[in-house]
Every structure is written in C-alpha cells, then in structure tokens.
Amino acid sequence: MLEKLNFIEDKYKELGEKVMDPDLLKDMKEYQKTMKEYADLKPIVDRYKEYQTYLSELKDTEEMLGENLDDEMRELAKEDLKNLQENIEKAEEDLKIMLIPKDPNDERNVIMEIRGGIGGEEAALFAGDLFRMYSMYADKRGYRTEIMSTNETGIGGFKEVIFMITGKGAYSRLKHESGVHRVQRVPETEASGRIHTSAATVAVMPEADDVEIEINENDIKTDVYRASGHGGQCVNTTDSAVRLTHIPTGLVVTCQDEKSQLKNKEKAMKVLKSRLYDKMLQEQNDELAKLKKGQVGSGDRSERIRTYNFPQGRVTDHRINLTLYRLEDFLNGDLDEMIDALLTHEQAEKLKELEA
C-alpha cells in the first residue's frame with residue numbers, strides 16, 4: 001500500500017507542475033483531463049500526509065516515553081500514544097478504501113431500458129411500476145428524467161420504456177439495477193384473486209461520449225415512418241418516427257415519442273451510442289474476468305436480482321440477501337437503503353481483492 005501511495009504522491013507533484021505550465025492551456029481538452037486527474041488525487045495525497053504526520057508524532061511520543069518523565073507527563077504521553085494509534089488505524093482504513101479503483105463511468109448520466117418479461121399484461125404493468133419507481137428516485141436525488149422511447153400497452157403498462165436519468169453520479173447509484181426483477185402479487189387483470197409471478201428486465205447503461213463512440217454514417221440504416229400509439233391509433237400525420245439499424249452489430253433503436261423527426265433521430269442516436277458503448281464494456285468484462293470480482297452478482301442481465309412480494313410487503317435483493325419490509329416506500333422511490341447496501345458490498349469485495 002505504501003508503494004502505491006508514494007507513487008500517487010509523486011504523480012500528484014508531477015501533475016501539479018504540469019497544470020502550472022501555460023502551454024497546457026493551448027489544449028483545453030488535455031488541460032481539463034489533467035485538472036480532473038489532479039483534483040481526483042488530492043484527497044488521497046492529503047490523507048496520506050496526515051497519515052505520515054501521525055507516524056512521525058507516534059515515533060516522537062514513543063521516544064518521549066523512554067525518557068525520565070514525571071507521572072503526570074507520562075500519563076499524558078500514554079494518552080497521546082493511544083490517540084495516535086487510533087488515528088493511524090483509521091487513516092490506514094481510509095487509505096485502503098481510497099485506493100480502490102473507481103469505476104470510470106460512475107459520474108456519468110445513465111440510460112435505462114425496462115421491458116416486460118414473462119407474465120404478459122401483468123409484466124407490462126410491472127414494467128410501468130418500475131419506471132415510476134426509478135423516476136421518483138431520480139426526482140428525490142435531484143436528477144432529471146427524460147423519456148427516450150416507449151412502447152405502451154392499452155391499460156397503462158409498457159412493453160418497453162427507454163429513458164435517460166441526468167445528474168452527477170447517476171450511473172454510480174443505479175448501475176446495480178441491471179437484471180431480472182420479479183413481482184409476486186394478485187394482478188389487476190386477474191379476477192380470481194390468485195397470486196401470480198411476473199417479471200421485467202432492467203438494463204442500465206452509462207451515457208456514451210461522442211469521442212468514445214464514433215459511428216460511421218455508412219454503418220447506419222435509417223427508416224422513417226408514421227408514429228402510432230397502441231391499438232394502431234395515429235399519433236401524428238407525418239413520418240416523424242425513426243428506426244436506426246447499426247449494420248455491423250444488428251442493434252436496432254426506434255424512437256417515435258417526439259413530433260419532430262430530427263428530435264427522434266437525436267434521441268435514437270444517443271441510445272444507440274450508449275448501447276454500443278455498453279456492448280464494448282461487456283466484451284471487455286468478458287475478456288478480463290478479474291473485472292467481475294468487484295461486481296455485485298454476475299452482471300448477467302438474465303440473472304434474477306430482486307423479488308417484490310406484495311402479500312408480505314417485502315422486497316428482497318438476492319445478490320446480497322437483503323430483505324426490506326417496506327415495499328410501498330420502495331416503489332415510491334425510497335431506494336437509498338438498498339442501493340447503499342449494494343455499493344457497500346461492492347466496496348467490500350474490491351477491498352478484499354486489493355488486500356489479496
């Protein structure tokens with residue numbers, strides 16, 4: 001750990017000299033990148049300096065205890081020694097956590113896709129419940145939610161809904177929501193009152209930057225058509241709906257929620273770029289198995305991650321075996337207790353890997 005900290009301290013000094021160089025301002029992109037890296041290292045370096053100060057003071061106090069002291073001074077020195085040892089232990093724990101590699105996507109906006117799975121109309125209604133849940137959570141966090149694309153059913157559910165949540169750290173808070181969400185309840189569509197099990201799948205993707213994902217226009221097939229609602233109801237009378245097909249990968253994105261063809265194309269392109277970026281990340285994770293050690297669960301979107309049980313009023317996350325008996329609050333966007341537990345588990349797993 002000390003080797004890593006000494007390397008970081010040297011790197012911080014090097015970056016400090018670099019940001020003072022007037023020539024760096026000629027390349028604003030490089031300047032911003034350097035300033036961010038410099039700012040990211042500062043908390044670690046500051047804590048390391050505190051740690052070094054504690055060690056120095058500990059050495060001085062131990063030497064003092066070896067001298068001839070009166071009883072009062074000796075007791076004060078022993079108390080100082082105890083406090084310094086506690087400070088050193090706390091600083092070591094803090095530094096271990098600060099050295100855990102950060103997910104480079106944590107500060108990004110997030111694009112989420114929710115699809116009704118097994119369960120027919122009831123699954124579509126549950127997809128709508130999940131969309132409402134995440135929208136309310138975003139509102140509580142001060143994030144902004146923007147619908148990118150919807151495929152509604154006739155009674156208020158969604159076969160599919162794609163939306164963006166914008167706000168600093170949105171991806172870090174929501175990245176563990178990917179997977180199959182299962183619901184157990186008496187469906188509104190069930191007359192006999194029997195409990196049914198349905199499911200919806202959630203995919204969470206960091207928003208892609210243009211510099212990371214460049215798409216060749218020749219690789220995209222663009223189709224425009226007239227938007228329509230459920231049941232064939234015409235939404236507008238112009239060809240405003242857009243379907244983008246990325247030929248090399250076969251990925252298809254449709255968007256028809258805006259009246260403007262241009263706006264629909266912009267939204268569809270944003271979703272397509274994020275899907276391609278997410279696909280690239282998934283492939284990297286598959287190739288580098290060690291990256292999966294820090295994930296909560298397998299990361300496979302076919303994995304059942306959570307059950308929402310209405311008769312018992314509980315929600316259970318199967319990856320960390322956490323059950324909360326306040327389902328109504330949870331569905332109203334009160335997700336922080338669950339999300340904090342998932343992030344703590346992720347941090348603990350990464351810490352184990354770091355110590356190993």
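**An exposed loop residue, a mixed sheet, a pocket and salt bridges**

Asn321 comes out as exposed, because its relative accessibility is 67%. The model is a predicted one, and this residue makes a handy way into it. Asn321 sits in a loop, with strand S10 (314–317) on one side and strand S11 (322–324) on the other. Its backbone is a bit unusual to look at: phi is positive, about 55°, although Asn321 is not a glycine.

The two strands that flank this loop belong to a bigger arrangement. Eight strands make up an open sheet, and reading across it gives the order S2-S3-S1-S5-S4-S9-S10-S11, with mixed pairing. Strand S2 (144–152) and S11 are the edge strands; each has a single partner strand, so one side of each has no neighbour in the sheet. On average, and with direction ignored, neighbouring strands of this sheet are turned by 20° against each other. Within the sheet, strand S1 (residues 110–116) pairs with strand S3 (residues 158–166) in the antiparallel sense, and six bridges hold the pairing. One of the contacts can be picked out by name: Ile114 has Val161 in S3 as its bridge partner. As a general point, side chains in a regular strand alternate between the two faces of the sheet.

Another antiparallel pair involves strand S7 (residues 241–246) and strand S8 (residues 251–255), joined by five bridges. Here Arg243 stands opposite Thr254 in S8. S7 and S8 form a hairpin, with four residues between the two strands. In the turn, Gly250 has a positive phi of about 80°.

A further loop runs between strand S5 (196–206) and strand S6 (220–225), and Asp209 lies in it. Asp209 is partly exposed, given its relative accessibility of 37%. In sequence, Asp209 and Arg108 are 101 residues apart, yet in space their C-alpha atoms are 9.5 Å apart.

Turning to empty space, a general remark helps: rolling a probe the size of a water molecule over the atoms shows where such space is left. The largest pocket in the model has a volume of about 1,500 Å³. Its lining takes in 33 residues, and those nearest the centre are Lys36, Asp40, Lys102, Asp103 and Pro104. Helix H1 (2–19), helix H2 (28–65), helix H3 (71–98) and helix H8 (336–355) are the elements that give two or more residues to this lining. H2 provides the largest share, with 10 residues. Sorted by class, the lining of the largest pocket holds 18 charged, 12 nonpolar and three polar residues.

Charged side chains also pair up with each other. In general, side chains of opposite charge can pair when their charged atoms come close. With a cut-off of 4 Å between a side-chain nitrogen of Lys or Arg and a carboxyl oxygen of Asp or Glu, the model has 27 salt bridges.

A few of these pairs are worth a walk-through. In helix H3, Glu93 and Lys96 form a salt bridge, 3.7 Å from N to O. These two residues are three apart in the helix, so about one helical turn separates them. Glu93 is partly exposed at 38% relative accessibility, and Lys96 is partly exposed as well, with a relative accessible area of 23%.

A second pair joins Glu113 and Arg115, whose closest N and O atoms are 3.0 Å apart. Glu113 counts as buried, since its relative accessibility is 5%, while Arg115 is partly exposed with a relative accessible area of 28%.

The third pair reaches between separate parts of the chain. Lys267 and Glu146 form a salt bridge in which the closest N and O atoms are 3.7 Å apart. Lys267 belongs to helix H6 (residues 261–287) and Glu146 to strand S2, so the pair ties together parts that lie 121 residues apart in sequence. Lys267 is buried at 10% relative accessibility, whereas Glu146 is partly exposed at 24%. Beyond individual pairs, Arg47, Glu50, Lys90 and Asp94 are joined into one network by salt bridges that share partners.

Technical notes
Residues are numbered from 1 along each chain as its sequence is written. This is a predicted model: local features need pLDDT of at least 70, side-chain atom pairs count only at pLDDT 80 or more; totals for chains, interfaces and linings use all residues. Side-chain values use heavy atoms; hydrogens and water are left out. Buried means under 20% relative accessible area, exposed over 50%, partly exposed in between (1.4 Å probe, protein chains only). On a 1 Å grid over the protein atoms alone, a cavity is a set of points where a 1.4 Å probe fits but cannot get out, and a pocket is an open set with protein on both sides within 12 Å along at least five of seven lines; lining residues have an atom within 4 Å of a point. Grid points are joined across faces, edges and corners, and a volume is the space filled by probe spheres set on the points. Ala, Val, Leu, Ile, Met, Phe, Trp, Tyr, Cys and Pro count as nonpolar, Asp, Glu, Lys and Arg as charged, and the others, Gly among them, as polar. Two strands pair if DSSP finds at least two bridges between them. Axes are lines fitted to C-alpha atoms, for helices over the stretch in contact, and angles run from 0 to 180 degrees between N-to-C directions.
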